[in-house]
Amino acid sequence: MNADLEHLIVLQRLDSAAHDARRRLAEQPEREKALEAQLSAARDVVAASKTKLAESQAVRREHEKTVALHQGRLSKFREQAMAVKTNQEYHAIQKEIEFAQKETKAAEDQVLERMIEADDLSAAIKKAEAELVNEQKQVDASRKAMAAESAELKATLERVAGERTAVVRSLTPQVLSTFELVSSRRNGIAVAEARDGICTICHVRMRPQVFNTVRRNEQIVQCDSCNRFLYFVPTTAAAPAADSATQPAQ
Ligand SMILES: [Zn+2]
């Protein structure tokens, strides 16, 4: 294979690896935001269930006050009932007592209902808190994985940069400057495989004699359409590797 072509393929592999690493690194702030949102949603559920319980308890205290109020009136009426002189007075007090008893009972029922509700709400808080703990664990694990990935990606970038310097040094300057130009204009990809007479990236068919030249990998040939450097992978060498790569998936 032409030495420049061989180096171009390596250079492209390095650039693509660096591009991927930079892209993954650039995605990390978004991923962190998503993790924070996940945690914040779980915290909101806990806070909302605590608010509900506090509201229910406040309502219960109001009903307890009502119970106390009517019980106070009841004992007052009972004292008065002892001191009544007439039947009429007695009946009037009895009526008051009945009313206060009814109100007491109604308020007590409300208190009981709130107590049952409080049990449910407390259980909901416990569940939400357990989910928050679980969520926190997951987020911690994701953050740890992201930090490890970040370190790995940065190491990759450093390694790739070192290897790139070496490859660049061995390239013919003219070829290198063309590579940089095409790369900058073609989304960072300046090298393309030619297969079945077609540039596999821009999908434009090349003239048969051009493809024949490319097949030999002995000359620097650029795609007429996208200007990328073309290389050819002999099928006999590529086929077994491709087969064995697809087998373990099943
Ligand atoms: Zn092309």
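Is Lys52 buried or exposed? I looked this one up before anything else, keeping in mind that the model is predicted. Lys52 has a relative accessibility of 53%, and the cut-off for exposed is over 50%, so Lys52 counts as exposed.

**Entry: Lys52 and its partner across the sequence**

I placed Lys52 on the secondary structure next, and it is in helix α1. Then I checked a pair: Lys52 and Glu117 sit 65 residues apart in sequence, and their C-alpha atoms are 9.9 Å apart in space.

**Entry: the two helices**

How do α1 and α2 run relative to each other? I noted the ranges before the geometry: α1 covers residues 3-83 and α2 covers residues 87-170. Their axes come within 6 Å and cross at roughly 170°. An angle over 145 degrees counts as roughly antiparallel, so α1 and α2 get that label. I also wrote down the hand of the crossing, which is left-handed. For the make-up of the contact between α1 and α2, I have 38 nonpolar residues, 19 polar ones and 26 charged ones.

**Entry: more spots on α1 and α2**

I picked out a few residues on these helices and checked accessibility and a C-alpha distance for each.

- Leu14 is in helix α1. Its relative accessible area is 7%, so I put Leu14 down as buried. I paired Leu14 with Glu103, which is 89 residues away in sequence, and got a C-alpha to C-alpha distance of 83 Å.
- Gln71 is also a residue of helix α1. At a relative accessible area of 40%, Gln71 is partly exposed. The C-alpha atoms of Gln71 and Ala100 are separated by 7.4 Å, with the two positions 29 residues apart along the chain as the sequence separation.
- Ala92 belongs to helix α2. Its relative accessibility is 42%, so Ala92 goes in as partly exposed. From Ala92 to Val67, 25 residues apart along the chain, the C-alpha atoms are 21 Å apart.

**Entry: the zinc ion**

Which residues hold the zinc ion? I found four protein donors, each an SG atom: Cys199, Cys202, Cys223 and Cys226. They lie 2.2 to 2.4 Å from the zinc ion. Along the chain, the donors follow the spacing C-x2-C-x20-C-x2-C.

What is the arrangement of the four donor atoms? I read off the angles they subtend around the zinc ion, 100 to 118°. For a tetrahedral label all angles have to lie between 85 and 135 degrees, so the arrangement here is tetrahedral.

I then looked at the accessibility of two of the donors. Cys199 has a relative accessible area of 0%, so I wrote it down as buried. Cys202 comes out at 22%, and that makes Cys202 partly exposed.

**Entry: positive phi**

Most residues other than glycine have a negative phi. With that in mind, I noted two exceptions.

Asp196 is not a glycine, yet its phi is positive, about 55°. I located Asp196 in the loop between β1 (191-195) and β2 (198-199). Its relative accessible area is 60%, so Asp196 is exposed.

Asn217 is not a glycine either, and its phi is also positive, about 55°. I found Asn217 in the loop between α4 (208-216) and β3 (229-232). Is Asn217 buried or exposed? Its relative accessible area is 7%, and under 20% means buried, so Asn217 is buried.

Terms used
Residues are numbered from 1 along each chain as its sequence is written. This is a predicted model: local features need pLDDT of at least 70, side-chain atom pairs count only at pLDDT 80 or more; totals for chains, interfaces and linings use all residues. Side-chain values use heavy atoms; hydrogens and water are left out. Axes are lines fitted to C-alpha atoms, for helices over the stretch in contact, and angles run from 0 to 180 degrees between N-to-C directions. Helices (H or I, at least four residues) and strands (E, at least two) are DSSP runs, numbered from the N terminus. Angles under 35 degrees count as roughly parallel, over 145 as roughly antiparallel, 65 to 115 as roughly perpendicular and the rest as oblique. A crossing is left-handed if the near helix is turned anticlockwise from the far one by less than a right angle, and right-handed if clockwise. Ala, Val, Leu, Ile, Met, Phe, Trp, Tyr, Cys and Pro count as nonpolar, Asp, Glu, Lys and Arg as charged, and the others, Gly among them, as polar. Donors are N, O and S atoms within 2.8 Å of the metal (3.2 Å for Na, K and Ca); water is not among the atoms, so sites may look incomplete. Four donors count as tetrahedral if all angles lie between 85 and 135 degrees; four count as square planar and six as octahedral if opposite donors are over 155 degrees apart and all others between 65 and 115; anything else is irregular. Buried means under 20% relative accessible area, exposed over 50%, partly exposed in between (1.4 Å probe, protein chains only).
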